[in-house]
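Let's take a walk through this fold together, one element at a time. Have your viewer ready and follow along as we go.

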Amino acid sequence: MKYYAIAFGLLASCVIALAGQNDKSIALSWNDSTRDVFIDNELDHAAQVLVCDAPSMLAVISQRLDRAIVLDTKEHTVSAVSRDNFTFAPDRSTATSTGGAPLQKLGKFTRLDGPVYAFTVDGKLVLIRAHPGATGALTMDKLWDAVPVWRAVMDNYQANPKAVAELKASSRITTVTLFFGTWCPDSKNYVPRLLRALRDAGNDKLQVKLVGIDYQFRQPVDVVQPRQITNVPTVVVERDGHEIGRIVETPASKTMEEDLAAILDGRELIHNGRWERGPKLASGAYSYRGQAGKEFGKEEFELFSTTEGGFMVHSRITAGDLSTEVFQKIDAKGRPSFAEITKMQGTNRTRTRFTFDGETMTARMRGSVSGVVAQTIEV
């Protein structure tokens, strides 16, 4: 999971045209965004929120409203258009709206911290807020109720046939526990697809459990820390009460089902990180030695170019039972733009991500001991 992904990764390029002097016509591409929609103080589980970033717009599709509602988040306006102007992809994760349909301006919305959007349509109070996440043990029905789009993603996915065959052939009783956030775009991308592969395999020896994690990684408290969950999704695979492998956030191969098949077969997979990179420019290794020349640690590194004209370094450092993995990017001007440091020692795991926005640096740490810690400073 990637916790930053809730803030970005859901947005697509959009185009908006003017039709006449007062009406806006929409010709937009939209992406699904998991939010909670309340209509007259009642949560509408079936409502879907779509987003667009250029210009910044948000749309609400609900059967409890006779039209689609469009919010211009820059102008703070609320408008309406026919729901028929939105055409959804089969998995409902994206949509397009037809051009030439004028938006009927209804008024203004109020934005509160969160962000929370509040406005009135046809006498109905509508409130849109961030989705806090369904937590604890979940059934499939509860999962679909919380995030209906996930079911459409599962139903429209074609799983890797070789991996499905391997899952089907697994002969030992194995527990596969999926830890995820219903608020998390990475979870939405991977969990329904893995569930489809498991459904296609139809192997009752693979016992699947679903556990929802909240955005702050605090609930359920009896699961997050004991299980060392620092990223979502995390897939933990167990036999005879012992963990035999896990998939953390993104698969090492192309799909989650391929990674799961490899774990069940005892094959080791090396995950080279989720971060995009260009061609490899250099690689090497260091040996850390004390004054007497005795080695007490080592580091292996790779240096890559980036599409932005900068560089990314990836290194793995080991010293005794302490293992540290580092990803660091610098931009074309030599300024740091991103860093991720993951430390693992015994049963303890801590991961810190640093992001930069102009002269502001935000550090967010998750760990089995520390919990969640976030700090923003000027640099």
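A good place to start is helix H6 and its surroundings: the cover over its buried residues includes helix H3 (161-169), E17, helix H4 (185-201), E18, E19 and E20. Keep in mind as you look that this is a predicted model. Helix H6 itself spans residues 256-265, and 8 of its 10 residues are buried, which makes H6 mostly covered. If you would like to select the buried positions, they are Met-256, Glu-257, Asp-259, Leu-260, Ala-261, Ala-262, Ile-263 and Leu-264. Just past the end of H6, have a look at Gly-266, where phi is positive at about 80°.

Now let's turn to the sheet beside this helix. Its 5 strands are arranged in the order E16-E18-E17-E19-E20, and they form an open sheet with mixed pairing. At the edges stand strand E16 (136-138) and strand E20 (242-248), each of which pairs on one side only. From one strand to the next, the twist averages 25°. Helix H6 packs on this sheet and touches E17, E18, E19 and E20, and the direction of H6 makes about 160° with that of E20.

Within this sheet, strand E17 (residues 174-180) and strand E18 (residues 206-212) run parallel and are joined by 7 bridges. To find one of these pairings on screen, pick Phe-179, whose bridge partner in E18 is Val-211. As a reminder, strands of a sheet pair through backbone hydrogen bonds, either parallel or antiparallel.

Strand E19 (residues 234-239) deserves a closer look, as Arg-239 is found there. Is Arg-239 buried or exposed? Arg-239 counts as buried because its relative accessible area is 12%, under the 20% cut-off. What do its polar groups find there? The side chain of Arg-239 makes a polar contact of 2.9 Å with the side chain of Thr-174, and it also reaches the backbone oxygen of Leu-264 at 3.1 Å. Leu-264 is one of the buried residues of H6, so this arginine gives us a link back to the helix where we began. Leaving aside neighbours within four places in sequence, Arg-239 is in contact with Ser-170, Arg-172, Ile-173, Thr-174, Ile-244 and Leu-264. One of these, Arg-172, is 67 residues away along the chain, yet the C-alpha atoms of Arg-239 and Arg-172 are separated by 8.1 Å.

Next comes another sheet. Here 8 strands form an open sheet in the order E10-E11-E3-E6-E7-E8-E9-E12, with antiparallel pairing. Strand E10 (86-88) and strand E12 (104-108) stand at the edges with a single partner strand each, so one side of each has no neighbour in the sheet. On average, and ignoring direction, neighbouring strands here are turned by 30° against each other.

Strand E3 (residues 29-33) is a handy guide to this sheet, and it is mostly covered, with 4 of its 5 residues buried. Towards E11, strand E3 runs antiparallel and is joined by 3 bridges, with Asn-31 standing opposite Thr-94. Strand E6 (residues 48-53) also pairs with E3 in the antiparallel sense over 3 bridges, and there Asp-32 stands opposite Leu-50. Further along the order, strand E8 (residues 68-72) and strand E9 (residues 77-81) pair in the antiparallel sense over 5 bridges, and Ala-68 has Val-81 as its bridge partner in E9.

Back at strand E11 (residues 94-97), let's stop at Ser-97. Why does Ser-97 count as buried? The reason is its relative accessible area of 8%, which is under 20%. A polar contact of 3.1 Å joins the side chains of Ser-97 and Trp-30.

Our last stop is Glu-299, in strand E22 (residues 295-305). Glu-299 is buried but has no salt bridge, and the nearest side chain of opposite charge, that of Arg-316, is 11 Å away. What does the side chain of Glu-299 make polar contacts with? One partner is the side chain of Tyr-288, at 2.4 Å, and another is the side chain of Ser-315, at 3.4 Å. Beyond its neighbours within four places in sequence, the contacts of Glu-299 include Gly-284, Ala-285, Tyr-286 and Ile-317.

Note on methods
Residues are numbered from 1 along each chain as its sequence is written. This is a predicted model: local features need pLDDT of at least 70, side-chain atom pairs count only at pLDDT 80 or more; totals for chains, interfaces and linings use all residues. Side-chain values use heavy atoms; hydrogens and water are left out. Helices (H or I, at least four residues) and strands (E, at least two) are DSSP runs, numbered from the N terminus. Buried means under 20% relative accessible area, exposed over 50%, partly exposed in between (1.4 Å probe, protein chains only). Lys and Arg count as positive and Asp and Glu as negative; His and the chain ends are not counted. A salt bridge is a side-chain nitrogen of Lys or Arg within 4 Å of a carboxyl oxygen of Asp or Glu. A polar contact is a pair of N or O atoms within 3.5 Å; within protein, one must be able to donate a hydrogen and the other to accept it, and residues adjacent in sequence count only if both atoms are side-chain atoms. Contact means heavy atoms within 4.5 Å. Two strands pair if DSSP finds at least two bridges between them. Axes are lines fitted to C-alpha atoms, for helices over the stretch in contact, and angles run from 0 to 180 degrees between N-to-C directions.
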